[in-house]
Amino acid sequence: RPKPSSLCHAVSLKEPLWIIFARSMNIRLTEELIMQGDMTIDGRGAHVNIIGGAGITIQFIKNVIIHNLHIRNIVSANGGNVIDAVDHIGFRTMSDGDGISIYGSSNVWIDHVSMSNCVEGLIDAIEGSTAITISNSHFTDHNEVT
């Protein structure tokens, strides 16, 4: 179970939420960060790195904003029991190493995000995902953004 007030805990909550950071930090995710809908992760005012671990998963949800994060050196992460909601733990297979994976979701805005060097892809939008905007972002050290 994630610690209260951590990013992992916040994205598992089922109410609309605007997540901000009190200070700059490096976050290494040991498993996919699976978000709930109606949520904003806002890194403005801090230097927030998601680095050297798993990436962010946006799956079967809507109304998500990811703003001003630095995502780099993302690798495949072990599967197993992963928290996907505050009241649910589900079994996941190994993640593939995308920086941000968007699966069957809509109304997603990724803005002012810096991404580099992810094992699979920087952003992977698949399975009927619609209304995705990627703006004002910087992508390096990768040959593919899908």
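**Exercise 1. The D42–R44 pair**

Is R44 buried, partly exposed or exposed, and what is its relative accessibility? Work out the same for its salt-bridge partner D42.

*Solution.* A quick reminder before we start: this is a predicted model.

- Step 1: find the pair. D42 and R44 form a salt bridge, and their closest N and O atoms sit 2.6 Å apart.
- Step 2: classify R44. Its relative accessibility is 49%, and exposed begins over 50%, so R44 counts as partly exposed.
- Step 3: classify D42. Its relative accessibility is 4%, and buried means under 20%, so D42 counts as buried.
- Step 4: put it together. This salt bridge joins a buried residue, D42, to a partly exposed one, R44.

**Exercise 2. The other salt bridge**

Count the salt bridges in the structure, then describe the one made by E32.

*Solution.*

- Step 1: the count. There are two salt bridges in the structure.
- Step 2: the partner. The side chain of E32 meets that of R92, at 3.0 Å from N to O.
- Step 3: the places. E32 is in the loop between β2 (25-27) and β3 (33-34), while R92 belongs to strand β10 (residues 88-92). The two are 60 residues apart, so the pair links distant parts of the chain.
- Step 4: the surroundings. E32 and R92 are both buried.

**Exercise 3. Laying out a parallel sheet**

Give the strand order of the open five-stranded sheet, and say which strands are at its edges.

*Solution.*

- Step 1: the order. Reading across the sheet gives β2-β5-β8-β13-β16, with parallel pairing.
- Step 2: the edges. β2 and β16 (138-140) each pair on one side only, which makes them the edge strands.
- Step 3: the twist. From one strand to the next, the twist averages 15°.
- Step 4: zoom in on one pairing. β2 and strand β5 (residues 48-51) run parallel and share three bridges. Within this pairing, M25 has V48 in β5 as its bridge partner.
- Step 5: recall the chemistry. Strands in a sheet pair through backbone hydrogen bonds, in either a parallel or an antiparallel sense.

**Exercise 4. From β3 to S101**

Start at β3 and follow the strand pairings through β6 to β11. Then describe the setting of S101.

*Solution.*

- Step 1: β3 to β6. Two bridges join β3 to strand β6 (residues 56-59), and the two run parallel. L33 has I56 in β6 as its bridge partner.
- Step 2: β6 to β11. Here four bridges do the joining, and again the strands run parallel. T57 is bridged to S101 in β11.
- Step 3: S101 itself. S101 is found in strand β11 (residues 100-103). Its relative accessible area is 17%, which is under 20%, so S101 is buried.
- Step 4: its contacts. Leaving out residues up to four places away in sequence, S101 touches I56, T57, I58 and D124.

**Exercise 5. The nonpolar core**

Which residues of the largest nonpolar core touch the most other members, and which element supplies its largest share?

*Solution.*

- Step 1: the hubs. The core has 33 residues, and M35, I56, I58 and I100 touch the most other members.
- Step 2: the suppliers. At least two residues come from each of α1 (7-11), β4 (39-42), β5, β6, β7 (62-67), β8 (69-72), β11 and β12. The largest share is three residues, from α1.
- Step 3: look around one hub. Beyond four places in sequence, the contacts of I58 include M35, V64, I66, I100 and V108.
- Step 4: the background. Nonpolar side chains tend to be buried together in soluble globular proteins.

**Exercise 6. Loop and tail**

Place H112 and list its contacts, then look at the positive phi values of N68 and D141.

*Solution.*

- Step 1: H112 lies in the loop between β12 (106-111) and β13 (114-116), and is partly exposed at 38% relative accessible area.
- Step 2: beyond four places in sequence, H112 touches H67, N68, L69, S135, N136 and S137.
- Step 3: H112 and I134 are 22 residues apart along the chain, with their C-alpha atoms separated by 8.6 Å.
- Step 4: N68 lies in the loop between β7 and β8. Its phi is positive, near 60°, in a residue other than glycine.
- Step 5: D141 is not a glycine either, yet has a positive phi of about 55°. D141 is in the segment after β16 and is exposed, with 59% relative accessible area.

How values were computed: Residues are numbered from 1 along each chain as its sequence is written. This is a predicted model: local features need pLDDT of at least 70, side-chain atom pairs count only at pLDDT 80 or more; totals for chains, interfaces and linings use all residues. Side-chain values use heavy atoms; hydrogens and water are left out. Buried means under 20% relative accessible area, exposed over 50%, partly exposed in between (1.4 Å probe, protein chains only). Contact means heavy atoms within 4.5 Å. A salt bridge is a side-chain nitrogen of Lys or Arg within 4 Å of a carboxyl oxygen of Asp or Glu. Two strands pair if DSSP finds at least two bridges between them. Axes are lines fitted to C-alpha atoms, for helices over the stretch in contact, and angles run from 0 to 180 degrees between N-to-C directions. A nonpolar core is a set of buried Ala, Val, Leu, Ile, Met, Phe, Trp, Tyr and Cys residues joined through side-chain atoms within 4.5 Å.
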